[in-house]
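Visitor: I should like to learn how to read the features of a model such as this one. Please show me the structure, and let us begin with the idea of a contact.

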Amino acid sequence: MDNISAATDAISKLSEFRMPRHHELPDIDCYMDQVISIMEKHLYILSSGGSKFITPAMINNYVKLGLIPPPIKKRYTREHLCHLYVICSLKSVIAIPAISELIGVLTRSRPILEVYDLFCDAYENMLRRAAETAQEMLSETGDPEEGLSKLSLFMAVNAATTQLIATGTLSGIAEDEEPEAEPQ
């Protein structure tokens, strides 16, 4: 299989990726090792080079930082899983405090289960768009090496500029949330 075919196959698999919606998550509370197993099963696309995107230490830190509610008798609910899916999916591009701020703003007007489903829809839609763009770019070139190079450059620039916009809008949210100083 040549480089273009391998890249096309990988992109095709990514475009078919689907996150479980909240009603598809376990309806029983889970222990830490079960949470890790569930998340690794569903978010396999986040694993790269054998690195772990979620560990018990990370979950404990998220609890300590107030990013997720503490477990109830060492058990985690669907709501915990929803928080963790969002955090793990975004932490490579957005700082943890910004993710916390975003979740906080969104959950003021709707429950985390609804926010999580909105997140899943957005994630999958953006992944499909990126995959379509990638497929188009690869099919436009006759030279596989040039096609892959251009695609890599485009996607890296797209990621960097999208991250700039995301962090800019999130900092705007944070500024709007800061209490006004009382007049002296």
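Guide: Contact means heavy atoms within 4.5 Å. With neighbours within four places in sequence left aside, L84 is in contact with V35, M39, I54, I59, Y62 and I68. This is a predicted model, in which local features need pLDDT of at least 70, side-chain atom pairs count only at pLDDT 80 or more, and totals for chains, interfaces and linings use all residues. Residues are numbered from 1 along each chain as its sequence is written, and side-chain values use heavy atoms, with hydrogens and water left out.

Visitor: Where is L84 found, and is L84 buried or exposed?

Guide: Buried means under 20% relative accessible area, exposed over 50%, and partly exposed in between (1.4 Å probe, protein chains only). L84 is buried, because its relative accessible area is 0%. L84 belongs to helix 4, where helices (H or I, at least four residues) and strands (E, at least two) are DSSP runs numbered from the N terminus. Between L84 and I68 there are 7.6 Å in space, C-alpha to C-alpha, and the two are 16 residues apart in sequence.

Visitor: How many helices and strands does the chain have, and what percentage of its residues count as buried?

Guide: There are seven helices and zero strands in the chain, giving the pattern α-α-α-α-α-α-α along the sequence. Of its 184 residues, 30% count as buried. Among contacts with a separation of 6 or more, 67% come from residues 24 or more positions apart.

Visitor: How should one read the packing of helix 4 and helix 6?

Guide: Axes are lines fitted to C-alpha atoms, for helices over the stretch in contact, and angles run from 0 to 180 degrees between N-to-C directions. Helix 4 (residues 78-90) packs with helix 6 at an angle of about 35 degrees, and the axes are 9 Å apart. On the side of helix 4, the contact is made by R78, E79, C82, H83, Y85, V86, S89 and L90, and on the side of helix 6 by I112, L113, Y116, F119 and Y123. These residues divide into nine nonpolar, two polar and two charged; Ala, Val, Leu, Ile, Met, Phe, Trp, Tyr, Cys and Pro count as nonpolar, Asp, Glu, Lys and Arg as charged, and the others, Gly among them, as polar.

Visitor: Which polar atom lies 2.6 Å from the side chain of E124?

Guide: A polar contact is a pair of N or O atoms within 3.5 Å; within protein, one must be able to donate a hydrogen and the other to accept it, and residues adjacent in sequence count only if both atoms are side-chain atoms. The backbone nitrogen of M19 is 2.6 Å from a polar atom of the E124 side chain. E124 sits in helix 6 (residues 112-139) and counts as buried because its relative accessible area is 5%. Beyond neighbours within four places in sequence, E124 is in contact with F17, R18, M19 and R21.

Visitor: What is the sign of phi at K73 and at K74?

Guide: Most residues other than glycine have a negative phi. K73 is not a glycine, yet its phi is positive, about 55 degrees; K74, also a residue other than glycine, has a positive phi near 65 degrees. K73 is found in the loop between helix 3 (56-64) and helix 4, and K74 lies in the loop between helix 3 and helix 4. K73 is exposed at a relative accessible area of 74%, and K74 is exposed at 66%.

Visitor: Is T77 buried or exposed?

Guide: T77, found in the loop between helix 3 and helix 4, counts as buried because its relative accessibility is 13%. The side chains of T77 and E79 are joined by a polar contact of 3.0 Å.
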